[in-house]
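Student: I would like to learn how to read the features of a protein model step by step. Could we look at one together, beginning with helices that pass each other?

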Amino acid sequence: MARVIERAQAWWRALDPGLRAAIIAGLLLRVALLALFPSGCTRDECTYIGLAESIVNGGGYRDSKVGWVWAPLYPHLLALCDVVLVDPHAMKGVQTALWPVMAWVMFALGVRLDGARAGQVAAWLMALHPTQAYFSGTLWSESLYTLLLMGTVLGVLRARDHGPASAAWPGALLGLGILSRGVATYVGPLLWVGLLWPGGGPAVRRARHVVVFALATAVVVAPYSLWASARFGGFMISDATMGQMMWLGNNDFEPVTFDYGNGLLASRVYDAHTDKGRPHCSDALPPAQWNACETANGVAWIKENPEAFVRRMPLRVAQLVNPHTFVTRQVRWGKWDLLPWALRELVVLWVAAWSFFVMIGGTIAICLVGRGPYLWIAASTVAYHVAAIAALAGLSRYRVPLEPLWMLPLAVALANPAAARAGLKQPIRVVAAVLLVAALLPLMLWFFPTGFPGFW
């Protein structure tokens, strides 16, 4: 034990001082939120707990609610916490304890992009982000998925400097990401392009990186995919949720979301709203077939209503970039009434201001200082997620894993103003920044007033 402590102390002393400070500040914020506002469960959190209890009590992994199947990793981790730590809610503590790892990943990526100063700024941006800190202390899967996604990106960039075998561990991390969130399945080909990007050695060598990466991902995902396909009545990779998202977003009623101020949070109101649309497919169908049926019905609705489908796209993206996030929801629900009124209002302002800072600032920064494989990986990954939301239904929590991708170029611009000034001298970069901000700002302002219901 003494030797372990000595090694931990040596590791800690070896860290960059700015990173150490960010780790301490971020940990204090996360522990304070967890201690002061220990929430129970809300919506999907409760579903995850129910799945974990089914696993622990011998019922096995099953479908949930109407018939869709969640990606399996997070419920199984809650089940592990239930067995080892006596309570699935212990996962909140595990996620909080993983903060130093997340801080190091952000620091390492910043160093890779522009040196130690950029690494320090990136770690601090993540440390003080109120929504990122809040999600560490919840049972939503976003905190874990964010770590897996950013770890994968770091692994891809590092693998470019080493032999093909080095692509195995980021490939395995992506496999865990896919088992955490099914949407990660289609991030893989984008990362392959990052591995193939010019500058990482001969083309043949880079192609071998892709093969190793893809095989490692398949090795992690395939066992569950084979089991789930047999268990749930049809082919599955990690989840079967597309049908439900299609039903929520492409139906005769307006797209449904659950954020404060732009969602349907009361069951009675939700039921009255959704009763206007097409009914669900038969719940007698096996889950995978139910998912395929709902997806087919959604595609048919899109073909019959192309104008409505396109018209709803800005609304869905506005739901995604809602600056208030789930923290505002907790405050406005009265969960943080322990704080004085003025401090609660400051929290809401802090959440919104940090969202604008990261999203608007990060958009400008990636246009001005983005380059090489990271520019491709970050821009394509964000664009893919935005496109998926535009076609289905949006929630601010879907943005949580994407924000760190934008924090990194923002960190570079803040740490190295000369790089940002150099970008300003390139017209194509300036035009791209102006056009993207002109599109993003109105979408962020769409639901901004909802966070301050007493002032509008």
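Tutor: We can, and please keep in mind that this is a predicted model. To describe how two helices pass, we first fit a line to the C-alpha atoms of each helix over the stretch in contact, and this line is called its axis. In this structure, the axes of helix α13 (residues 242-249) and helix α15 (residues 287-304) come within 7 Å and cross at roughly 35°, and the crossing is left-handed.

Student: Which residues in α13 and α15 meet each other?

Tutor: From α13 they are Met242, Gly243, Gln244, Met246 and Trp247, and from α15 they are Trp290, Asn291, Glu294, Thr295, Gly298, Val299 and Ile302. Sorted by class, the residues of this contact of α13 with α15 divide into six nonpolar, five polar and one charged.

Student: At what angle do helices α6 and α9 cross?

Tutor: The axes of α6 (residues 99-114) and α9 (residues 142-159) cross at roughly 35° and come within 10 Å, again with a left-handed crossing. The residues that make the contact include Val101, Met102, Trp104 and Val105 of α6, together with Thr146, Leu147, Met150 and Gly151 of α9. The residues of the contact of α6 with α9 divide into 12 nonpolar, two polar and two charged.

Student: Now I would like to understand empty spaces; how many cavities of 30 Å³ or more does the count give?

Tutor: A cavity is a space where a 1.4 Å probe fits but cannot get out, and the count comes to two cavities of 30 Å³ or more. The largest cavity has a volume of about 140 Å³, and it is lined by 13 residues, of which Gln95, Met102, Ser136, Ser143 and Leu147 lie nearest its centre. Helices α6, α8 (130-136) and α9 each supply at least two residues of this lining, and the largest share, four residues, comes from α9. By class, the lining of the largest cavity has seven nonpolar, five polar and one charged residues.

Student: What lines the second largest cavity?

Tutor: The second largest cavity, with a volume of about 40 Å³, is lined by Leu29, Leu33, Pro130, Tyr134, Val327, Trp336, Val347 and Trp350. The elements that give two or more residues to its lining are α2 (17-36), α8 and α18 (341-369). Its lining divides into eight nonpolar, no polar and no charged residues.

Student: Why is helix α17 described as largely enclosed by the rest of the structure?

Tutor: A residue is called buried when its relative accessible area is under 20%. Seven of the eight residues of α17 (residues 325-332) are buried, so this helix is largely enclosed by the rest of the structure. The buried residues are Thr325, Phe326, Val327, Thr328, Arg329, Gln330 and Val331, and they pack against α8 and α18. Just after α17, Gly334 takes a positive phi of about 90°.

Student: Finally, which helix gives the most to the lining of the second largest pocket?

Tutor: A pocket, unlike a cavity, is an open set of points. The second largest pocket has a volume of about 610 Å³, and of the 25 residues that line it, the closest to its centre are Thr363, Val382, Val386, Trp406 and Leu436. Helix α22 (427-446) is among the elements that each supply at least two residues of the lining, and α22 gives the most, with seven residues. By class, this lining has 20 nonpolar, two polar and three charged residues.

Terms used. Residues numbered from 1 in each chain as written. Predicted model: local features only at pLDDT ≥ 70, side-chain atom pairs only at ≥ 80, totals over all residues. Heavy atoms only, no water. Axes fitted to C-alpha atoms, helices over the stretch in contact; angles between N-to-C directions. Left-handed = near helix turned anticlockwise from the far one by under 90°. Contact = heavy atoms within 4.5 Å. Nonpolar A, V, L, I, M, F, W, Y, C, P; charged D, E, K, R; others polar. 1 Å grid on protein atoms, 1.4 Å probe; cavity = no way out; pocket = protein on both sides within 12 Å on 5 of 7 lines; lining within 4 Å. Points joined across faces, edges and corners; volume = space filled by probe spheres on them. Buried < 20%, exposed > 50% of the residue type's maximum accessible area, 1.4 Å probe, protein only.
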